Amino acid sequence: MWQGLQTITDYKGKHSQELPSDTSLPDELNNFDARFEASNTETCIRCSKLAAADVSKTFKQVNIHKAAGVDSLPGCVLLAYADQLASVFTDIFNLSLSESVIPTCFKQTTIVPVPKNTKVTCLNDYRPVALTSVAMKCFEKLVIAHTIIPETLDPLQFAYRTNRSTDDAISITCHTALSHLDKRNTYVRMLFIDYSSVFNTIVPSKLITKLRTLGLKTSLCNYILDFLTGCPQVVRVGSNTSATLILNTGVPQGCVLSPLLYSLFTHDCTARHDSNTIVKFADDTTVVGLITDNNETAYREEVRDLTVWCKDNNLSLNVIKTKEMIVENRKRRTEHAPIVIDGAVVEQVESFKFLGVHITNKLTWSKHTKTVVKRARQNLFPLRRLKRFGMGPQILKRFYSCTIESILTGCITAWYGNCSASDRKALQRVVCMAQYITGAKLPGIQDFYTRRCQRKALKIVKDSSHSSHRLFSLLPHGKRYRSAKSRSKRLCNSLYSQAIRLLNS
C-alpha cells in the first residue's frame, strides 16, 4: 500500500545513506561501541512471580512488523500461539526473576548501525540500534509493568512518563524564562547540553546504587544488573557480521527497558541553586539560569557542578555540540563572557532547535512557523496528486491529518500563543489551501490550539505530580483558578496563562 501511495503521489523521501560493504566495518563498530567497557560485580536476591495471564496478554500485543535480532522464535509465532506458549514462558520468566539470571540467548544483541547524517565521516556518525529477541522484549515489558516509578524521581524529567511530552518540557522552559524576564534588570542564559554516546556509558553498578536509593526492590535491582552484564553483542552491516563481544557497560539502544533506566540513572542531575532549573527530556538536558543584576555566580557554579556530576557518572559531554543562548529584553545589551567546559568555549547562538522546535534568543516564533509552513506546503503536492487520482474526501482528509496537520500542530501549545498575527495567517493559509483541495471542512489552527490547551490544562490539574500543577491554584471560593500577574504580553499569552483563562471561562 505504501509503495502504491509513493507511486501515485510521486513522493520522494530523504535519500538514506547506504552502508559501506567493507568487511572490517562491523568489527570496528563493535569495538567502538564497547569503548566504555568496565567490570561490574554484585550479589543476587530472589524476586516475585509473574502471572501466565499477563504473559499471554503481552504476547498478543506483539507487533510482527517490528524487526528482531537473532530470534529462533519469531513474533508471529508468539502472537498466534500466545495462550499455548504462555505457561512455558511464564515458568522461564519466573525462574529468571527468582534467580536474577537472564538466559544468555535472551541477552544476545545484534547491532544494526543507522547513519545519523547522509554523510558519514567517522564511526561516531552511526547510531547503534540494538535488536533483541521478541521474547526478551516481552519480558522487559512485563518487568516495566511491575515496576513502580518512585515519587522521588525528578519532576523535570519529561520523557517516558505518563502525561508528559516535549510540549511540557518546552512550555516549562519558556514559562520559567518569561516569568523571570517579567522582572527588571534580568536576563536568562540557556545551556543546551549534548552528551556523547550517553546510553553506552552507563555503569551498571552505579545505576543499581541509584535504584536502591530511589527505593526500588532489591530483587528488581539484581534482575537489572544481570540484564546489563555479560551481554553478547555483534554488529551486522549488510551481509557482514562482526565477532562477538561480551559487554558489561551501557544499556542497549532500542531495548524496552533502556529509556526508563536512563531516566532513573540521571534522576539526581538536578539544580543545586534556586535561581537555576535543569529541564530534561531523556538525554536532552537544558540548564536555565535566571540572572539578576548581572550576578552569574550561581549559574556558573551550576555548570561546574554539572560537569563534575558527568565525570562522576561516566557521562561524556560533547562541548562542540553543546550550545548556549542568552535571552535578554534590556535595550542596552552587554557582552557576556562565554561558558568554558573542560577548557573549551561553548558557542553562543541566536537560535536553537530545542526538542524539534526552533527557539530564538528573543523567544519569538517566526523562525519556527516559517519552517513549519515550508514543510507543510511541500506535502500539499502529494495531496493534489491523490485528488487527481480520484481519491474521496475522507481519504484526502485522513492524508491531510497524517502528513500536514501533524506538522502544523507539532508542540503547538508551547509556541502558538506568542505567534505574531502574520505567522498565524501563514499557518491558517496552509489549512485553507488543504481545505480547498480536499473539499472537506478542516479545523482551524486557532480552534485546534484552544482544544489542545484546554485538554492539557485538565490533565495537569488532575496530576499532582506534574511540575506545572502548582501553577493551577484555586481561589478561596474554589470556583475559579488564580491568574498569574504579568507585566509583559508574552507572559500573558504563554501556555499556562491561556490555559487558566480557558478553564475559568
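Which helix gives the largest share of the lining of the second largest cavity? Hold that thought for a moment, and let me set the scene.

What we have here is a predicted model, so local features need pLDDT of at least 70, side-chain atom pairs count only at pLDDT 80 or more, and totals for chains, interfaces and linings use all residues. Residues are numbered from 1 along each chain as its sequence is written, and side-chain values use heavy atoms, with hydrogens and water left out.

Okay, the overview. The protein has 20 helices and 16 strands; these are DSSP runs numbered from the N terminus, H or I of at least four residues for helices and E of at least two for strands. There are 505 residues, and 50% of them count as buried. Buried means under 20% relative accessible area, exposed means over 50%, and partly exposed is in between, with a 1.4 Å probe and protein chains only. As for the surface, about 25200 Å² is exposed, with carbon and sulfur atoms supplying 53% of it; that comes from the Shrake-Rupley method with a 1.4 Å probe. Now contacts, meaning heavy atoms within 4.5 Å. Take those between residues at least 6 apart in sequence: 72% of them join residues at least 24 apart.

Back to the cavities. Rolling a probe the size of a water molecule over the atoms shows where empty space is left. Here a cavity is a set of points, on a 1 Å grid over the protein atoms alone, where a 1.4 Å probe fits but cannot get out, and lining residues have an atom within 4 Å of a point. Searching the whole structure turns up 5 cavities of 30 Å³ or more. The volume is the space filled by probe spheres set on the points, which are joined across faces, edges and corners.

The second largest cavity comes in at about 120 Å³. It has 16 lining residues, and the closest to its centre are Cys 174, Leu 178, Ala 414, Asn 418 and Ser 494. Three elements give two or more residues to that lining: helix 8 (166-181), helix 16 (412-415) and helix 20 (495-504). And there's the reply to my opening: helix 8 supplies the largest share, 4 residues.

What is the lining like by class? We get 9 nonpolar, 7 polar and no charged residues. For that split, Ala, Val, Leu, Ile, Met, Phe, Trp, Tyr, Cys and Pro are nonpolar, Asp, Glu, Lys and Arg are charged, and the others, Gly among them, are polar. And where is this cavity? Domain 2 (166-197 + 265-355) and domain 3 (365-504) both give residues to its lining, so the cavity lies between them. Those bounds come from an automatic or database domain assignment.

Let's stay with helix 20. It is largely enclosed by the rest of the structure, because 7 of its 10 residues are buried. They are Leu 495, Tyr 496, Ser 497, Gln 498, Ala 499, Ile 500 and Asn 504. What do they pack against? Helix 8, helix 16, helix 18 (445-462) and helix 19 (489-492).

Next, please scroll to strand 16, which holds Thr 360. Thr 360 is buried, at 11% relative accessible area. Setting aside residues up to four places away in sequence, Thr 360 touches Met 325, Glu 350, Ser 351 and Lys 367. Val 327 is 33 residues from Thr 360 in sequence, yet 8.0 Å from it in space, C-alpha to C-alpha.

Two leucines around here have odd backbone angles. Leu 355 sits in the loop between strand 15 (351-354) and strand 16 (357-360), and its phi is positive, about 55°, although it is not a glycine. Then there's Leu 363, in the loop between strand 16 and helix 13 (366-378), also a non-glycine with a positive phi, near 55°. Leu 363 is buried, with 4% relative accessible area.

Last stop, a few helix residues. Thr 90, in helix 5 (residues 82-99), is buried at 6% relative accessibility. Beyond neighbours within four places in sequence, Thr 90 contacts Leu 50, Ala 51, Ala 52 and Val 55. Val 55 comes up again with Lys 141: they are 86 residues apart in sequence and 9.6 Å apart in space, C-alpha to C-alpha. Is Lys 141, in helix 7 (residues 134-145), buried or exposed? Neither, really: at 39% relative accessibility, Lys 141 counts as partly exposed.

That's my tour, thanks!

Note on methods:
On a 1 Å grid over the protein atoms alone, a cavity is a set of points where a 1.4 Å probe fits but cannot get out, and a pocket is an open set with protein on both sides within 12 Å along at least five of seven lines; lining residues have an atom within 4 Å of a point.
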